[in-house]
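Please look over the sequence and the structure shown below before reading the notes that follow. They are arranged as a short briefing, with lead sentences first and bullet points by topic after that.

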Amino acid sequence: MKKIILAALALFVLPATVQADHHNETAKKNIVETAISAKFNTLVAAVKAGGLVETLSGEGPFTVFAPTDEAFDKLPEGTLDSLLKPENKDQLVAILKYHVVSGKVPAKTVVTLDSAETLGGKVSIEVKDGAVMLNDKVKVVKTDVMASNGIIHVIDSVLLPPSK
């Protein structure tokens, strides 16, 4: 379970600016190493706050829908700071799990699906005007960024699990 939770944090570690020519280099690094080399300090802080560094560096494989730093900026003011507090760790982990699918799901497969079962619930998938949209609002902006322990698809907003 700890391994799965760490994979969820992968969502917070990959920049949308990873270039195609770095594709092979990225595949040699696990998700955490990719986040560190990309200098996503806030995202790495979230992984640390969730206690998920070891798990996220593990085997996987996982498919993560990774929000950009700009995606986090879209959250209401103070939300990220609140989630990073130790007393809100369970909520942070729940959000992160909602971004992770167990196994490798490349873009060519994602576009054939109408939903995906994440570790935190079901996410709807639809292709609109040539773009892959999750839950009708979140756009996939980069696909198939390979890491040694999974695949990352970069998204433009943070996915929030449905309220229970």
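In this predicted model, Lys128 and Asp136 form a salt bridge, with the closest nitrogen and oxygen atoms 3.8 Å apart. Lys128 counts as partly exposed because its relative accessibility is 32%, and Asp136, at 48% relative accessibility, counts as partly exposed as well. The structure holds two salt bridges, and the points below take up the other one after a look at the strands and turns around Lys128 and Asp136.

**Strand S5 and its partners**

- Strand S4, which covers residues 121–128, pairs with S5 in the antiparallel sense, and four bridges connect the two strands.
- Within this pairing, Ile125 has Leu134 of S5 as its bridge partner.
- On the other side of the topic, S5 and S6 also run antiparallel, and two bridges join them; here Leu134 stands opposite Val138 in S6.
- Which residues of S5 point one way, and which the other way? Ala131 and Met133 point one way from the strand, whereas Val132 and Leu134 point the other way, and all of them are buried.

**Turns and backbone angles**

- As background for this group, most residues other than glycine have a negative phi, and most peptide bonds are trans.
- The hairpin of S4 and S5 has two residues between the strands, and Asp129 in this hairpin takes a positive phi near 50°.
- S5 and S6 form a hairpin too, with three residues between them, and Asn135 in the turn has a positive phi of about 50°.
- Asn135 is found in the loop between strand S5 (131–134) and strand S6 (138–147), and it counts as partly exposed because its relative accessibility is 23%, a value that is not under the 20% needed for a buried residue.
- Asp136, the salt-bridge partner of Lys128, is found in the loop between S5 and S6, and it has a positive phi of about 65° although it is not a glycine.
- A cis peptide bond, with omega about 0°, joins Gly60 and Pro61, and Pro61 has its place in the loop between helix H5 (53–56) and strand S1 (62–67).

**The other salt bridge**

- Lys74 forms a salt bridge with Asp156, and the closest N and O atoms of this pair are 3.9 Å apart.
- The pair links distant parts of the chain, 82 residues apart, with Lys74 in the loop between helix H6 (69–73) and helix H7 (79–83), and Asp156 in the segment after strand S7 (150–155).
- Are the two partners buried, partly exposed or exposed? Lys74 is exposed because its relative accessible area is 53%, which is over 50%, whereas Asp156 counts as partly exposed at 21% relative accessibility.

**A contact between distant parts of the chain**

- Ile31 is found in helix H3, which covers residues 31–37, and it counts as buried because its relative accessibility is 0%.
- Although Ile31 and Ala147 are 116 residues apart along the chain, their C-alpha atoms are separated by 5.9 Å.
- Considering the protein as a whole, residues 24 or more positions apart account for 67% of the contacts with a separation of 6 or more.

**The protein as a whole**

- The protein has nine helices and seven strands, and buried residues make up 46% of its 164 residues.
- The accessible surface comes to about 8300 Å², and 51% of this surface belongs to carbon and sulfur atoms.

**Confidence in the prediction**

- The protein averages a pLDDT of 79, and 79% of the residues score at least 70.
- Over residues 1–26 the pLDDT is below 50, and this stretch has 83 contacts in the model beyond near neighbours in sequence.
- Where pLDDT is low, the predicted coordinates should not be read in detail.

Key. Residues are numbered from 1 along each chain as its sequence is written. This is a predicted model: local features need pLDDT of at least 70, side-chain atom pairs count only at pLDDT 80 or more; totals for chains, interfaces and linings use all residues. Side-chain values use heavy atoms; hydrogens and water are left out. Buried means under 20% relative accessible area, exposed over 50%, partly exposed in between (1.4 Å probe, protein chains only). Contact means heavy atoms within 4.5 Å. Accessible areas come from the Shrake-Rupley method with a 1.4 Å probe; for residues, only the protein chains shown count as cover. pLDDT is the predictor's confidence in each residue, from 0 to 100. A salt bridge is a side-chain nitrogen of Lys or Arg within 4 Å of a carboxyl oxygen of Asp or Glu. Two strands pair if DSSP finds at least two bridges between them.
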